[in-house]
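Grab the structure below and work through a few short exercises with it. Each has a task and a step-by-step solution.

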Amino acid sequence: MPASPLPPPAFAPVLGVATSLSGKAWRWRGGNMELGDAAQGLDHSILEQLLLTRGVAEDDLARHAQPTLRAFLPDPSCLRDMDTAAERLADAVTTGERVTIYGDYDVDGATSAALLVELLRQLGLEAGYYIPDRLLEGYGPSGEALVRLAETGSQLIVTVDCGAMAHEALGMARDAGVDVIVVDHHKCAPELPPAVALVNPNRLDESDLGAAHGHLAAVGVAFLLGVALVRTLRGRGWFAGGRSEPDLMGLLDLVALGTVADVAALHGLNRAFVAQGLKVLARRDRIGMAALMDASRLARAPQCSDLGFALGPRINAGGRIGESTLGVRLLTTNDPEEARAIAAQLSQLNDERRAIEAEVQEAAEAQLAGQHNMAVQVLSGHGWHPGVIGIVAGRIKEKTGKPAVVIALDESQGKGSGRSISGVDLGAAIIAAREAGLLVAGGGHAMAAGLTIDPARLADFAGFLDERLARDVERARAGAAMLLDLALAPGGLTPDLVETLEAAGPYGVGWPAPRVAVGPVRIVKADIVGKDHVRLIASGNDGKSFKAIAFRAAETELGQTLLHRSNGRRFHLAGRAKIDDWGNRPTAELQLEDAAFAD
């Protein structure tokens, strides 16, 4: 296949599928890539086509085919206040000041805090860290906590993954005489809180060069600060006396984990961060990270999906339902025994989190019937654990195809977390609701947001979101389609194909994993495995068969149709091609997302 520019997207349904079993039309992501059996003669042009369909310019293919840090790392000084932050932090290093890293309690906050603690340790400064308790202190810097840190000797506090909207708390810190640097990526208001420096590519006054990196997670911004700090110290001659420069590349395992777990868009610099960070993870140099992989039963080299579904949730479990400092302690310890103990504790907490999450999700889904006309699902309940509401909001969003906000209520207030769909900026709407007086606090970014609300304002808040976002949601849902990269006969679904597709990774938000359609096939066998996963064996006209699995699909129309095989009718199946390495020889299988009748 040629690697020439793709033709305009074809709007005729792929394989004639105008309405699938999930109610979607099948469209090409880019140009027509119907290979049939030709997929067995793979070459690198397929890789180039995948890059082109993800927005890469033809003259930039080589850089994106091998995403290195050298090719994508910007000059950190393109971000406002970066040089000021680096100079102040360099002062602390050279004079041995007492520094505290104040991080959020999620994976992005934990990895950001661990990154700066480790970097400063390599520079000879043992920094402390402070992670607030989710239930007792809530999101963001607490003024009381900042003042306590100042009173106990901290001369410089660096907030990571929080602080961009903490006007009152940072004012209290200023009045207490302690310097604060804010390293964040959440949306900002026009008026910035008082700080020595506020490094955030999503500042409203950021330059075009800086704003181009608004997709970074906080840990990515923290890494850029690390680069700027080392450069500043080098310029001061700090390393001239025989001091070793820190291993910045060795910190990329933390950057990769935080970036993926925070669902940051994996294009440009983020994709380079994750691609290179996975290589660092595979070395298992970080004691805490190796223990976490062992606790996750991850013996092979980690893949991008492992960061989001195995490692990240365990770090998150500490902040959600356990002890908020566990993640940073694990990622910064040099004691193998301590690392194993913390990793085991986090795995146990993650199991408990799953059980709590299932209870809250069931209760939240029971409210959906009364909100089918609402553009945004706003669900609330007393006794719901605040530590799982973000996960449940994500599940509700996937189930309904609409943005969802899930709110845990107590006697005096509600703590909420929201997840959005592509094309609907939920974070901006939450900030607008706060500015309209409907929320006690709130903020976030396009795809995720958090809030605090007076329960008496719930109906007003839900109405506000419905009015503000209805048109955006309608437009986003109307354009929803099952976007396909390849169409194959069953014989084309091979390990070689999977290897070629994976070469264009790592994949995630903003850089979607390739989706293939395979068919026509007949369902030879179908059953339920686990709680509600549908497993099947499909066979094509070419005599080739393969395995497929549809996760959490047993009660859906898709799952029920496949289980009953519709009297022997033929299907086209669509999903992600993966390697099944359980047997003696690796085979390709399909992680099924959709299906349609072929005749």
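The exercises go from model confidence to cysteines, strands and salt bridges.

This is a predicted model, where local features need pLDDT of at least 70, side-chain atom pairs count only at pLDDT 80 or more, and totals for chains, interfaces and linings use all residues. Residues are numbered from 1 along each chain as its sequence is written, and side-chain values use heavy atoms, with hydrogens and water left out.

**Exercise 1. Find out where pLDDT stays under 50.**

Step 1: start with the overall score. pLDDT is the predictor's confidence in each residue, from 0 to 100. The protein averages 91, and 95% of the residues score at least 70.

Step 2: look for the dips. Residues 1–10 stay under 50, and the model gives them 24 contacts beyond four places in sequence (a contact means heavy atoms within 4.5 Å). Residues 38–44 also stay under 50, with 9 such contacts.

Step 3: decide how to treat them. Where pLDDT is low, the predicted coordinates should not be read in detail.

**Exercise 2. Work out how many disulfides the whole structure has, and check on C78.**

Step 1: set the criterion, a pair of cysteine sulfur atoms within 2.5 Å. Searching the whole structure turns up 0 disulfides.

Step 2: check C78. The nearest cysteine sulfur belongs to C188 and is 15 Å away, and C78 is in no disulfide.

Step 3: get the accessibility. Buried means under 20% relative accessible area, exposed over 50%, and partly exposed in between (1.4 Å probe, protein chains only). C78 is buried at 16%, and C304 is buried at 12%.

**Exercise 3. Trace how β10 pairs with β9 and with β12.**

Step 1: recall the rules. Helices (H or I, at least four residues) and strands (E, at least two) are DSSP runs, numbered from the N terminus. Two strands pair if DSSP finds at least two bridges between them.

Step 2: take β9 (residues 404–409) with β10 (residues 414–419). They're antiparallel, over 6 bridges, and make a hairpin with 4 residues between them. For a register check, L409 sits opposite G414 in β10.

Step 3: go to the other partner. β10 is joined by 6 bridges to β12 (residues 448–453), again antiparallel. Here R419 faces A448 in β12.

**Exercise 4. Which parts of the chain do the R231–D83 and D253–R286 salt bridges link?**

Step 1: define the hit. A salt bridge is a side-chain nitrogen of Lys or Arg within 4 Å of a carboxyl oxygen of Asp or Glu. The whole structure has 34 of them.

Step 2: take R231 and D83, whose side chains meet at 3.9 Å, N to O. R231 is in helix α10 (residues 218–235) and D83 in helix α4 (residues 82–95), so the pair ties together parts that are 148 residues apart in sequence. R231 is partly exposed at 33%, and so is D83 at 41%.

Step 3: now D253 and R286, at 2.8 Å, N to O. This pair links distant parts of the chain, with D253 in helix α11 (residues 252–261) and R286 in the loop between α12 (269–283) and α13 (287–295), 33 residues apart. Both D253 and R286 are buried.

**Exercise 5. Describe the salt bridge between R121 and E118.**

Step 1: get the distance. The closest N and O atoms are 3.6 Å apart.

Step 2: place the pair. Both lie in helix α5 (residues 107–122), 3 residues apart, about one turn of the helix.

Step 3: compare accessibility. R121 is partly exposed at 24%, while E118 is buried at 15%.
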